[in-house]
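Q: I have a model open and I'm not sure how to read it. Could you walk me through a few features, one by one?

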Amino acid sequence: MKTLLILIAFATGLVNCRTSTTGLGEFAISLPSARIEVREIPTHREMQAGTKVVVLGTGTPIPDAHRAGPSIAVIHKGNSYLFDAGAGAVRQATIARYLYDIPSLYPSQICCVFLSHLHSDHTLDLSELAHTLWWRRRNPLLVWGPLGISRISSAITDMIAIDADFRINGLQPVANSEGFKIQDTTIEPGIILYRDDLQVEAFLANHGDISPAYGFKIVTDDISIVISGDTAFSDLIAEKSAGVDLLFHEVISRSGLERNSPAFQRYHNSVHTTSDELARLANVARPKKLILYHGLFYGTKETTVLDEIKELYDGEVILASDLDVFTGK
Ligand SMILES: [Zn+2]
Ligand SMILES: [Zn+2]
C-alpha cells in the first residue's frame, strides 16, 4: 500500500503535505540504487518550487530504530539547508532525495549546515556529510556553528586526510582538491545568512551550561520557521516564534521525566523543555503548527507527550516522524 501511495505521490507531485513514512523498508525497493549526481546548477523546476521542510531525523542521543538523530532540511530555490546533522542524517537525505525528488538533498549537493550546539547527537553526521563522495563536490560544505566549530572542522579534516591523499595523489579524478574541507563560520547572534530570499537568524537558546546554544529563525518569501535546537523554556524562543508558520521544538515528556533519577531530573530540567512548559510557550507564541521533534519519552508511549501538550494548548500540534514533509500552506 505504501509503495502505491509513494508512486502516486511521484506521479502527481503531491508532496506538499505532511507525509508519514514510517516503515521505509516496505517501499525502499521502489527507490533507485547508487547513482552519481553532479548537478551544476538548480533546474528551473527547483527554482520555481515553494519552500519545503523535510524532517530528516527526529531522534535524540538514545539509539532508536525509527528515528535518526536530529536534522531538519529546509529546501529553497534549489538549495538544501540542514539544521543540525545528527547520526543518520545523510542516509535520510539520500532517501528523501529520491522519495520526494529533491536533487539538492543528494549528499554531495547539500550546500549548508547550521549547528545549534556542539552536543554529539547534533553533529555526528557532519563528517559523513562533508566526506561522502567529496571528490565529486565542487564547492566545499559551508558550516555555521557555535564557538568550537573550527576545532571540530579541523579535526574531521584531519580524519579524512589519508583518504584525501590517496584520491588527490592517485589516478582518481577529483573535481576539486579542496572538496573535502569544510568552510566553517562561528555563529554570533543575528542574521547569519541571506541568500535567494532566504534569511537565517541565529538567537541564543537556553541549554543550561551547554553554552552557547542557538535556535534558528528561517524566513523565505513563502514561509517562516523557527527551530528550537536543544533548549529549556525560553521567553526569547516564544518571542521569535510568535505567529510563525512552523515551530519545530524539542520536548521532554513531563511524565517520562518523572521516571528518571533525581540527578537526571535536575539535569533535564535545566537543559530541556517539558511538555507543560512547551504548552505554556505555545500559548504565548501561537504558531500555525507546533511540531515536536527531539522528543525524550523515557518509557512512556510516544503519544503521551502529545496528550500532555494538548491538555494545555488548543492549537495544532504534531509529533513529527522521520521524513515528514511540511510547507507553508
Ligand atoms: Zn544538547
Ligand atoms: Zn540533543
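Q: Where is Asp 84 found?
A: Bear in mind that this is a predicted model. Asp 84 sits in the loop between strand 3 (79–83) and helix 3 (89–99). Its phi is near 70°, which is a positive value in a residue other than glycine.

Q: Is Asp 84 buried or exposed?
A: The idea is to count neighbours: a residue is buried if 20 or more other C-beta atoms lie within 10 Å of its own. Asp 84 has 30 other C-beta atoms within 10 Å, so it is buried.

Q: And what is phi for Leu 133?
A: Near 55°, again a positive value in a residue other than glycine. Look for Leu 133 in the loop between helix 4 and strand 5. Leu 133 counts as partly exposed because it has 15 C-beta neighbours inside 10 Å.

Q: Let's try a helix. Which residues of helix 5 are buried?
A: Go through the helix residue by residue, then ask where the buried ones point. In helix 5 (residues 149–159), Ile 149, Ser 153 and Ile 156 are buried. Seen down the axis of helix 5, the buried residues fall within an arc of 75°, so they line one face of the helix. Turn to the other side of helix 5 and you find Arg 151, Ala 155 and Asp 158, which are exposed.

Q: What do the buried residues of helix 5 pack against?
A: Their partners are helix 4 (126–131), strand 5 (142–145) and strand 6 (183–186).

Q: Can we do that for helix 10? Which of its residues are buried?
A: Helix 10 (residues 275–285) has Ser 275, Leu 278, Ala 279, Leu 281, Ala 282 and Ala 285 as its buried residues. Down the axis of helix 10, these buried residues fall within an arc of 165°, so they line one face of the helix. They pack against several elements, including helix 7 (235–240), helix 8 (254–257) and helix 11. Just after helix 10 comes Arg 286, with a positive phi near 50°.

Q: At what angle do helix 10 and helix 11 pack?
A: For a helix pair, check the angle, then the separation, then the handedness. Helix 10 and helix 11 pack at about 45°, and their axes are 8 Å apart. That angle makes helix 10 oblique to helix 11. Helix 10 passes helix 11 in a right-handed crossing. From helix 10, the contact uses Ser 275, Asp 276, Leu 278 and Ala 279, while helix 11 brings Val 305, Glu 308 and Ile 309.

Q: Now the sheet. In what order do the seven strands lie?
A: Read across the sheet, strand by strand. The order is 7-8-9-10-11-12-13, in an open sheet with mixed pairing. Strand 7 (190–195) and strand 13 (317–319) each have a single partner strand, so they stand at the edges and one side of each is left without a neighbour in the sheet. From one strand to the next, the twist averages 20°.

Q: In which sense do strand 8 and strand 9 pair?
A: Strand 8 (residues 198–204) and strand 9 (residues 214–219) are antiparallel, over six bridges. One to find is Leu 204, whose bridge partner in strand 9 is Tyr 214. In the loop between strand 8 and strand 9 you will meet Pro 212. The peptide bond from Ser 211 to Pro 212 is cis, with omega near 0°.

Q: Which strands does helix 11 lie across?
A: Helix 11 (residues 302–310) lies across strand 11 (246–252), strand 12 (289–296) and strand 13, and runs at about 170° to strand 13.

How values were computed. Residues numbered from 1 in each chain as written. Chains lettered and ligands numbered in written order. Predicted model: local features only at pLDDT ≥ 70, side-chain atom pairs only at ≥ 80, totals over all residues. Pairing = 2+ DSSP bridges. Helix = DSSP H or I, 4+ residues; strand = E, 2+ residues; numbered from the N terminus. Axes fitted to C-alpha atoms, helices over the stretch in contact; angles between N-to-C directions. Contact = placed C-beta atoms within 7 Å. Buried ≥ 20, exposed ≤ 12 C-beta atoms within 10 Å, placed from the backbone. Arc of directions from axis to C-beta. Parallel < 35°, antiparallel > 145°, perpendicular 65-115°, else oblique. Left-handed = near helix turned anticlockwise from the far one by under 90°.
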